[in-house]
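Here's a quick briefing to read with the sequence and the model side by side. Grab a viewer and follow along.

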Amino acid sequence: MALSLSCCHATLHLQQHQVASRNNSSKNLDNVRSLVNRIGIASVQSSSLQSLQNGNWVKLICGASFEDVVDIRNLSLVYTLAGVDCIDCAADASVVSAVNEGIQAARGIIGVRRPWVMISVNDDQDLHFRKAEFDPGNCPIDCSRPCEIVCPANAISLQEEALKELSQVAGVSGILKGGVITERCYGCGRCSPVCPYDKINLVTYVRDAATTVKLIKRGDVDALEIHTNGRQTTYFQELWDKLGDSSKYLRLVAVSLPNIGRDLTVSTMKTMFSIMESQLHCLNLWQLDGRPMSGDIGRGATRETIAFAAQLARTNDRPPGFLQLAGGTNFHTVDGLKKERLFQSTSTIDSWKGLEFNANTKWRCQY
Ligand code: SF4
Ligand code: SF4
């Protein structure tokens, strides 16, 4: 990360920034505290484990590639106060620290319970693990910048810079500066197809297994989520082998996979379960990624997710593990689940219990 650069200038700038942030942060915390005291918050009685067992588990997904630690800390604070059962974040040390800071700040305001902290990793190329890249210096100055407009994470910022006389003679008045704010980009891919000049690349990466093991052993991570494409299990096996006995430090291992057809999905789940079984020292969960990273799109996006869930729920010969919806889950998902008679909640805050906020929507869990 850029902060590790041994540049005194950058370090000083960072320190000044941190002092300013701390002052603002303390004022903001006071504001949140007085708001909570004034309006109160719903009390959540069940533990995260009970929520899983009762079918009203809620997970906040910060994003497997989202690494803006200030936003992540604030999100974690707010959603801890709101009573989520789990906060899912990137498998990065600074991000995990930010999540735990947010949780701690929330618990300093009022005695809410601590949600589980989950880190997300991948075994191979995956949509959730990529970043957009382009060189703004190569963009035409008169581009209307649709990339900036379409980005849902405000992860593209461009500014025009005037050029000196020599270039103006050549007919160029300025260039674009800025580009992708890497820590905010979560790899949704929406910027790339709207670029009229095909300037944007989406670069995928795979989280390092050794780093993941170190993070798990730090003591402030409760759960691991492994994203896999479900079409082969070789890379899954390799990753699982590298993780060794890490699951003994965890409460939950989740496997997130897309719908590759009922029979193939179930058979892959069985193979993966048999790979995990001998070194699985905690609970396990299957995250059904119906339509990856599309929860904000609308009512239509949730249909595939619900169809996937309905399919698996009616399959008796699937391997053990809780089931959880993801991808395409949103405000409309609970209604859809109710229509399918799949929604189950004992919560008093039914309007959002059973939801995975991206946030993703969680659903009836079964074990
Ligand atoms: S991939 Fe998505 S989040 Fe990243 S810059 Fe493009 S639109 Fe924004
Ligand atoms: S849309 Fe393409 S060409 Fe235009 S500013 Fe964005 S990346 Fe550059």
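What follows goes from the overall picture to the ligands, the helix pairs and a few single residues.

Keep in mind that this is a predicted model. The protein has twelve helices and twelve strands. Of its 367 residues, 42% count as buried. If you take contacts between residues at least 6 apart in sequence, 79% of them join residues at least 24 apart.

**Around the ligands**

- Ligand 1 is surrounded by 14 residues. The closest are Ala-132 plus four cysteines to look up in your viewer: Cys-151, Cys-185, Cys-188 and Cys-191.
- By class, the shell around ligand 1 breaks down into eleven nonpolar residues, two polar ones and one charged one. Cysteine counts as nonpolar here.
- Ligand 2 has its own set of neighbours, with Cys-139, Cys-143, Cys-147 and Cys-195 among them. The rest of that shell is Phe-134, Arg-145, Pro-146, Leu-158, Tyr-197, Lys-199 and Ile-200.
- Nine residues of the ligand 2 shell are nonpolar, none is polar and two are charged.

**Helix 3 with helix 4**

- Helix 3 spans residues 69–82 and helix 4 spans residues 93–109; their axes come within 7 Å and cross at roughly 40 degrees. The crossing of helix 3 and helix 4 is right-handed.
- On the helix 3 side, the contact is made by Val-69, Ile-72, Arg-73, Asn-74, Leu-75, Ser-76, Leu-77, Thr-80 and Leu-81. Helix 4 brings residues including Ser-94, Val-95, Ala-98, Val-99, Glu-101, Gly-102 and Ile-103.
- Sorted by class, the contact of helix 3 with helix 4 has twelve nonpolar, five polar and three charged residues.

**Helix 9 and its two partners**

- How do helix 8 (residues 209–216) and helix 9 (residues 234–243) pack, and at what angle? The angle is about 45 degrees, with the axes 9 Å apart. That angle makes helix 8 oblique to helix 9.
- Helix 8 puts Ala-209, Thr-212 and Val-213 into this contact, and helix 9 answers with Leu-239, Lys-242 and Leu-243. Four of the residues in the contact of helix 8 with helix 9 are nonpolar, one is polar and one is charged. The crossing of helix 8 and helix 9 is right-handed.
- Helix 9 also pairs with helix 10 (residues 262–276): their axes come within 10 Å and cross at roughly 20 degrees. Angles under 35 degrees count as roughly parallel, so helix 9 and helix 10 are roughly parallel to each other.
- Helix 9 passes helix 10 in a right-handed crossing. In this contact, Phe-236, Gln-237 and Trp-240 of helix 9 meet Met-272, Ile-275 and Met-276 of helix 10. There are five nonpolar residues, one polar and no charged ones in the contact of helix 9 with helix 10.

**Two backbone oddities**

- Most residues other than glycine have a negative phi.
- Arg-145 isn't a glycine, yet has a positive phi of about 60 degrees. You'll find Arg-145 in the loop between strand 4 (130–133) and helix 5 (146–150), and Arg-145 is also one of the residues around ligand 2. With 17 other C-beta atoms within 10 Å, Arg-145 is partly exposed.
- Asn-154, also not a glycine, has a positive phi of about 50 degrees. Asn-154 lies in the loop between helix 5 and strand 5 (156–162).
- Is Asn-154 buried or exposed? Asn-154 counts as exposed, because there are 11 C-beta neighbours inside 10 Å and the cut-off for exposed is 12 or fewer.

**Two buried residues**

- Ile-156 is in strand 5 and counts as buried, with 23 C-beta neighbours inside 10 Å.
- Setting aside residues up to four places away in sequence, Ile-156 touches Cys-147, Glu-148, Cys-151, Gly-179, Val-180 and Cys-191. Cys-151 and Cys-191 are among the closest residues to ligand 1, while Cys-147 is one of the residues around ligand 2.
- Ile-156 and Val-180 sit 24 residues apart in sequence but 4.5 Å apart in space, C-alpha to C-alpha.
- Val-84 is in the loop between helix 3 and strand 2 (86–90). Val-84 is buried, with 30 other C-beta atoms within 10 Å.
- Leaving out residues up to four places away in sequence, Val-84 touches Val-58, Lys-59, Leu-60, Tyr-79 and Pro-115. Val-84 and Trp-116 are 32 residues apart in sequence and 8.8 Å apart from C-alpha to C-alpha.

Definitions and conventions: Residues numbered from 1 in each chain as written. Chains lettered and ligands numbered in written order. Predicted model: local features only at pLDDT ≥ 70, side-chain atom pairs only at ≥ 80, totals over all residues. Near = placed C-beta within 6 Å. Axes fitted to C-alpha atoms, helices over the stretch in contact; angles between N-to-C directions. Helix = DSSP H or I, 4+ residues; strand = E, 2+ residues; numbered from the N terminus. Parallel < 35°, antiparallel > 145°, perpendicular 65-115°, else oblique. Left-handed = near helix turned anticlockwise from the far one by under 90°. Contact = placed C-beta atoms within 7 Å. Buried ≥ 20, exposed ≤ 12 C-beta atoms within 10 Å, placed from the backbone.
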